[in-house]
Amino acid sequence: MASLEALLAAFPSPELDELVATRRDLHRHPELAFEERRTAGIAAGRLRSYGLAPREGVGKTGVTADAGGAGPRLMLRADMDALPLTEATGAPYASEAPGRMHACGHDGHVAIALAVARRLTATPPPAPLRFLFQPAEEGRGGAQACAADGVLDGVGAAFGLHLWTPLPAGRIGINRGPLMAAVDQFEITVEGRGGHGAAPHETEDSILASARIVDALQSVVAREISPLEPAVVTVGSIHGGTAFNIIPGSVRMEGTARSFTEAVGRALPEKIRRIVEGTASACGVRATLRYERVNGATINDAKMADLVIETASRVLGEENVETDTRTLGGEDMSVFLERVPGCFFFVGCGLEGPPRAHHSPRFDVDERALAVGTLVMEAVVREAARRLA
Ligand SMILES: [Zn+2]
Ligand SMILES: [Zn+2]
């Protein structure tokens with residue numbers, strides 16, 4: 001068992017300095033999905049400096065590098081993309097690119113993975129390894145692109161981590177089974193007959209119908225899904241109309257649905273479609289629904305989760321490993337974990353003070369978590385190599 005202070009005291013300070021410098025450099029220069037060329041170049045350069053031979057352009061802008069001999073590989077995955085929003089932290093290392101920000105911590109994931117890669121390759125690797133620096137995690141299909149490009153060929157197990165502000169530095173969050181939800185995305189177009197705001201009886205009001213659809217959709221989770229099953233239906237954008245006195249001819253809405261189990265995930269689209277079309281019909285307008293299941297749930301293999309729980313408990317102390325963490329946020333690590341056993345876990349990085357929510361312009365991390373993530377991930381890979389040998 002070790003306190004965070006004791007752990008950091010034993011962590012080489014030049015290595016922590018480099019972790020922080022790497023993360024801050026990437027933080028200043030965020031790149032959006034499938035545009036991570038500078039980031040990928042930095043990752044490839046560092047991997048080369050460790051004596052590896054990285055392959056670039058994987059899944060468009062990703063990088064992989066293999067280490068160790070033949071046999072089933074342990075894959076270590078880090079995502080690289082930033083988000084389309086403008087940073088408002090005021091930090092000295094804030095994004096230099098308006099409209100782009102590492103607001104999810106992927107800059108830290110790259111820094112950690114590079115540190116782990118160096119540790120694991122400084123001496124002969126404990127097992128055949130593959131490092132993956134993945135593009136476009138944020139709902140843009142980076143994992144699918146990498147899988148299509150063969151990154152799982154020869155892989156026996158996959159591991160990944162996510163910096164996580166709801167937990168403080170020094171703590172790990174994990175679940176045996178589902179950790180993150182399946183992500184669906186939908187788009188609703190409501191069409192009526194526009195007209196004068198003072199003569200609604202001569203129109204088909206797409207605004208009123210849209211309001212009723214948004215409201216009615218909340219009954220899917222409240223009344224049609226078992227209260228014992230987590231699910232979310234959120235309408236996140238609604239656009240219609242041009243002036244205060246015009247009833248517009250159409251309204252466009254976008255939203256997301258989340259679930260953990262396949263049964264709920266399969267049931268959601270038809271329930272949503274029935275409510276969208278039925279409500280539109282009751283309002284005398286027409287609605288079309290385009291529905292896409294983006295990612296499956298991120299589900300940890302029970303044995304691999306046990307391995308991570310035991311290893312993290314050894315490194316951080318059992319009291320610092322939360323084993324019942326779940327969130328309805330999504331992750332395309334699911335693409336890999338659907339195909340090979342593995343485990344994804346959260347590395348606490350919450351700062352004191354005002355909330356630093358993921359995907360918010362004030363997002364920031366406690367950089368001590370970079371050392372924690374490095375130690376835990378290195379230990380996990382070494383333990384997996386020992387158990388799977
Ligand atoms: Zn994110
Ligand atoms: Zn993320």
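The exercises below work through two zinc sites, a four-stranded sheet and one helix residue in a predicted model.

**Exercise 1. Determine which protein atoms coordinate the zinc ion (ligand 1), and decide how the geometry of the site is classed.**

Step 1. The donors are Cys 104 through SG, Glu 138 through two OE atoms, and His 359 through NE2, and they lie 2.1 to 2.8 Å from the zinc ion (ligand 1).

Step 2. The angles among the four donor atoms run from 51 to 152°. A tetrahedral label would require all angles to lie between 85 and 135 degrees, and the site is accordingly classed as irregular. For reference, the ideal angle for four tetrahedral donors is 109.5 degrees.

Step 3. Along the chain, the donors of the zinc ion (ligand 1) have the spacing C-x33-E-x220-H. Glu 138 belongs to the loop between β4 (129-134) and α5 (142-148), while His 359 belongs to the loop between β16 (342-350) and α10 (368-388), so this pair ties together parts that are 221 residues apart in sequence.

Step 4. Of these two residues, Glu 138 is buried because its relative accessible area is 19%, where the limit for that class is under 20%; His 359, at 41% relative accessibility, is partly exposed.

**Exercise 2. Identify the donors of the zinc ion (ligand 2), and find the residue that links this ion to the zinc ion (ligand 1).**

Step 1. The zinc ion (ligand 2) has as protein donors Cys 104 (SG), His 106 (NE2) and His 162 (NE2), at 2.1 to 2.6 Å, and the spacing of these residues in sequence is C-x1-H-x55-H.

Step 2. Cys 104 coordinates both ions, which are 3.1 Å apart, and is therefore the bridging residue.

Step 3. Cys 104 is buried, with 7% relative accessibility, and His 106 is likewise buried, with a value of 0%.

**Exercise 3. Work out the strand order of the open sheet, and describe how its strands pair and which helices pack on it.**

Step 1. The open sheet is built from four strands in the order β10-β12-β8-β13, with antiparallel pairing. Its edges are β10 (231-240) and β13 (286-295), each of which pairs on one side only, and the average twist from one strand to the next is 15°.

Step 2. Strand β8 (residues 182-191) is joined to β13 by nine bridges, and in this pairing Phe 186 stands opposite Tyr 291, whereas Gln 185 stands opposite Glu 292. Between β8 and β12 there are 10 bridges, again in the antiparallel sense, and here Glu 191 faces Ser 250.

Step 3. Helix α6 (residues 206-224) packs on the sheet and touches β8, β10, β12 (250-259) and β13, its direction making about 170° with that of β10. Helix α7 (residues 262-282) also packs on the sheet, touching β8, β10, β12 and β13, and its direction makes about 165° with that of β13.

Step 4. Seven of the 10 residues of β8 are buried, so this strand is largely enclosed by the rest of the structure.

**Exercise 4. Describe the surroundings of Thr 121, giving its accessibility and its contacts.**

Step 1. Thr 121 is located in helix α4 (residues 106-121) and, with 16% relative accessibility, counts as buried.

Step 2. Its side chain reaches the backbone oxygen of Ala 117 at 2.6 Å.

Step 3. When residues up to four places away in sequence are not counted, Thr 121 touches Tyr 50, Leu 52, Ala 67 and Phe 131.

Conventions
Residues are numbered from 1 along each chain as its sequence is written. Chains are lettered from A and ligands numbered from 1 in the order in which they are written. This is a predicted model: local features need pLDDT of at least 70, side-chain atom pairs count only at pLDDT 80 or more; totals for chains, interfaces and linings use all residues. Side-chain values use heavy atoms; hydrogens and water are left out. Donors are N, O and S atoms within 2.8 Å of the metal (3.2 Å for Na, K and Ca); water is not among the atoms, so sites may look incomplete. Four donors count as tetrahedral if all angles lie between 85 and 135 degrees; four count as square planar and six as octahedral if opposite donors are over 155 degrees apart and all others between 65 and 115; anything else is irregular. Helices (H or I, at least four residues) and strands (E, at least two) are DSSP runs, numbered from the N terminus. Buried means under 20% relative accessible area, exposed over 50%, partly exposed in between (1.4 Å probe, protein chains only). Two strands pair if DSSP finds at least two bridges between them. Axes are lines fitted to C-alpha atoms, for helices over the stretch in contact, and angles run from 0 to 180 degrees between N-to-C directions. Contact means heavy atoms within 4.5 Å. A polar contact is a pair of N or O atoms within 3.5 Å; within protein, one must be able to donate a hydrogen and the other to accept it, and residues adjacent in sequence count only if both atoms are side-chain atoms.
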